[in-house]
Amino acid sequence: MILKSRIFQGARLALMGLAAIACSPSVEEAPREATLEPDPPHQCDFCERLNEPTEPFRIYGDTYYVGTAMISSVLIASDDGLVLVNGGMTQTAQQIADNIKTLGFSLSELKLIVNTHAHFDHAGGIAALARATGATVATSTRGAEALEQGRPTEDDPQRGLEDNVFPVVPEVRVVADGGTVSAGGIDLTAHYTPAHTPGSVAWTWRSCEDGECLDVVFADSFSTRSAPEFRFTDAEGRIENFRSAIATVAALPCDILLAPSPLSFGVKEKLAARAENPEPNPFIDPAACRTYAEAATAGLDKRIAEEQAAQ
Ligand SMILES: [Zn+2]
């Protein structure tokens with residue numbers, strides 16, 4: 001399939017080149033490759049580890065993994081454009097661009113970037129990727145607020161962590177809860193899941209392979225990591241929102257689960273299983289969203305118990 005898309009891509013570029021030559025007197029007017037100018041690298045003790053490269057690969061159908069070994073970014077590719085979910089850290093943007101190219105696609109075809117939550121490790125590369133391509137950036141109302149100020153919102157559990165900052169994304173399109181954003185014939189639906197951040201979103205789309213279309217869910221993190229002084233039990237409604245966000249993900253039509261951390265949906269194990277036996281595709285698991293939700297509930301319960309014990 002990757003080979004097929006590369007051949008198709010090559011043929012398409014050749015046709016585009018012919019069209020450009022036929023329609024214009026100068027070759028300069030042929031489509032240009034996007035040039036990425038990354039923002040300065042984010043500094044943190046574990047950043048190097050987070051940014052460790054890994055080979056891009058096809059997950060299923062038109063859905064590909066283009067992130068690092070520790071931070072997920074996912075590409076959805078159609079003949080009419082590319083969509084990216086999450087942009088890693090500032091220093092991840094170049095890897096994402098390189099991975100897109102390795103898969104046989106052109107960065108200049110990136111039309112839309114959506115974000116699951118606005119922290120330095122999933123939103124840091126978005127500004128540079130959007131500048132290079134002119135892609136629309138879209139997320140939830142509160143997520144847009146954070147992206148446009150280059151730091152988490154006031155009520156974000158990690159607001160007090162001073163190094164959780166990232167380059168400002170000047171213009172962000174807000175997608176309502178349950179709303180859809182489309183690019184290149186790809187439709188993504190936003191499901192608000194205010195938990196890890198107030199603006200967290202799960203994105204869903206359909207991905208098809210050999211005529212079989214499946215429901216893909218890119219759920220957000222349910223990690224309760226926070227600034228030291230933050231307490232989930234302090235603000236009224238926060239725990240209820242968290243539980244309701246978990247329930248939202250558990251109830252989604254879900255054949256394939258993806259998430260901001262590749263560790264949380266077993267990428268390494270699934271690739272090892274696929275190397276042993278490519279069929280059935282180990283990324284297909286209709287129970288995955290419910291299992292993810294159970295782990296999230298256990299994590300939240302543990303956090304609540306810790307906060308109560310510390311009182
Ligand atoms: Zn985060």
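Start with burial: colour the whole chain by it, and 42% of the 311 residues count as buried. Keep in mind that this is a predicted model. Now zoom out to the overall outline. The C-alpha trace spans about 75 × 40 × 35 Å along its principal axes. A compact globule of 311 residues would have a radius of gyration near 19 Å, and the protein's 20 Å agrees with that. Switch on a contact map if your viewer has one: among contacts between residues at least 6 apart in sequence, 69% join residues at least 24 apart. In cartoon view you should be able to pick out 9 helices and 12 strands.

**Stop one: the seven-strand sheet**

Select strands 1 to 7. They make an open sheet in the order 1-2-3-4-5-6-7, and the pairing is mixed. Strand 1 (57–60) and strand 7 (173–174) are the edges; each has a single partner strand, so one side of each is left without a neighbour in the sheet.

Stay at the strand 1 edge and add strand 2 (residues 63–65). These two run antiparallel, paired over 3 bridges. Show sticks for Phe-57 and you'll find Tyr-65 of strand 2 standing opposite. The two strands form a hairpin with 2 residues between them, where Gly-61 takes a positive phi near 55 degrees.

Next, select strand 4 (residues 81–85) and strand 5 (residues 110–114). This pair is parallel, with 4 bridges. Click on Val-85: its bridge partner in strand 5 is Val-114. Then bring in helix 6 (residues 141–149), which packs on the sheet and touches strand 6 (136–139) and strand 7. The direction of helix 6 makes about 130 degrees with that of strand 6.

**Stop two: the five-strand sheet**

Hide all that and select strands 8 to 12. Here 5 strands form another open sheet, ordered 8-9-10-11-12, again with mixed pairing. Its edge strands are strand 8 (180–183) and strand 12 (256–258), each pairing on one side only. Look along the sheet to see the twist, which averages 25 degrees from one strand to the next.

Which residues of strand 8 lie on its covered face, and which on its uncovered one? Val-181 and Ala-183 are on the covered face, while Thr-180 and Ser-182 are on the uncovered one. Add strand 9 (residues 186–192), which pairs with strand 8 in the antiparallel sense over 4 bridges. Ala-183 has Ile-186 as its bridge partner in strand 9. These strands form a hairpin too, with 2 residues between them, and Gly-184 in the turn has a positive phi of about 55 degrees.

Move on to strand 10 (residues 201–209) and strand 11 (residues 212–218), an antiparallel pair with 7 bridges. At Glu-209, look across to strand 11 and you'll find the bridge partner, Glu-212.

**Last stop: two helices side by side**

Select helix 7 (residues 238–251) and helix 9 (residues 288–309). Their axes come within 8 Å and cross at roughly 165 degrees. Angles over 145 degrees count as roughly antiparallel, and helix 7 and helix 9 are therefore roughly antiparallel to each other. The crossing is left-handed.

To see what sits between them, show side chains. Helix 7 contributes Ile-239, Phe-242, Ile-246, Val-249 and Ala-250. Facing these from helix 9 are Cys-289, Arg-290, Tyr-292, Ala-293, Ala-296, Thr-297, Leu-300 and Ile-304.

Definitions and conventions
Residues numbered from 1 in each chain as written. Predicted model: local features only at pLDDT ≥ 70, side-chain atom pairs only at ≥ 80, totals over all residues. Pairing = 2+ DSSP bridges. Axes fitted to C-alpha atoms, helices over the stretch in contact; angles between N-to-C directions. Contact = placed C-beta atoms within 7 Å. Rg over C-alpha atoms; globule rule 2.2 N^0.38 Å. Buried ≥ 20, exposed ≤ 12 C-beta atoms within 10 Å, placed from the backbone. Parallel < 35°, antiparallel > 145°, perpendicular 65-115°, else oblique. Left-handed = near helix turned anticlockwise from the far one by under 90°.
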